[in-house]
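Please walk me through this model in the viewer, one selection at a time. Begin with the whole chain and then go to particular elements.

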Amino acid sequence: MNSQIRPSVVASRKSGMPDVVASQVSVRDLKTHLSEWLARAQSGEVVEVTSHRKPIARITAVKPADSGITSPLQKAIDAGLISWSGQKPNLPPPVKLRGQEKLLSDIVIEDRG
């Protein structure tokens, strides 16, 4: 048996679904090289398992579960309050207090001494 995995790659089109490129692997080869095939699926490749050259299963990566913990910065980006292009965030202009010309940030800095 060859020590290198050589999948057959096929493109299939489901109704209403975009083209899916998948590697096909026999049950025997999957059992022999399970960790390699799972690593390929984890990296985003779709793996179809075949038995007697007929597809019987499909292995795909699982999306990570939402941990529910989101940073305040990410929440503000998601809400559209700020935008981020990977550089310094674009924040809204500073808040001015009514009747005064001082910025709230300046008052906080003065208060901290």
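The tour below goes from the whole chain to a hairpin and then to a surface patch.

**Whole chain.** Start with everything selected, and keep in mind that this is a predicted model. Colored by secondary structure, the protein chain shows four helices and four strands. Followed from the N terminus, the order of these elements is β-β-α-α-β-β-α-α. Switch to a surface display: the accessible surface of the protein chain is about 9,600 Å², and carbon and sulfur atoms contribute 55% of it. Of the 113 residues in the chain, 14% are buried. Among contacts with a separation of 6 or more, 28% join residues 24 or more positions apart.

**The E3–E4 hairpin.** Next select residues 46-51, which are strand E3, together with E4; the two pair in the antiparallel sense over five bridges. To see one facing pair, show the side chains of Val47 and of Ile59 in E4, which stand opposite each other. Two residues lie between the strands of this hairpin, and His52 has a positive phi near 55°.

Now keep only residues 54-59, strand E4. How many of its six residues are buried? The number is zero, so strand E4 lies largely in the open.

**The nonpolar patch.** Finally, select Val95, Leu104 and Val108. These residues form a nonpolar patch on the surface, and together they have about 240 Å² of accessible area. Extend the selection to residues 104-112 to show helix H4, where Val108 is found. Val108 has 34% relative accessibility and therefore counts as partly exposed, a class that lies between the cut-offs of 20% and 50%.

How values were computed. Residues are numbered from 1 along each chain as its sequence is written. This is a predicted model: local features need pLDDT of at least 70, side-chain atom pairs count only at pLDDT 80 or more; totals for chains, interfaces and linings use all residues. Side-chain values use heavy atoms; hydrogens and water are left out. Buried means under 20% relative accessible area, exposed over 50%, partly exposed in between (1.4 Å probe, protein chains only). Contact means heavy atoms within 4.5 Å. Accessible areas come from the Shrake-Rupley method with a 1.4 Å probe; for residues, only the protein chains shown count as cover. Two strands pair if DSSP finds at least two bridges between them. Patches are made of residues with over 30% relative accessible area and no salt bridge: like charges are joined within 9 Å, nonpolar side chains (Val, Leu, Ile, Met, Phe, Trp, Tyr) within 5 Å. A salt bridge is a side-chain nitrogen of Lys or Arg within 4 Å of a carboxyl oxygen of Asp or Glu.
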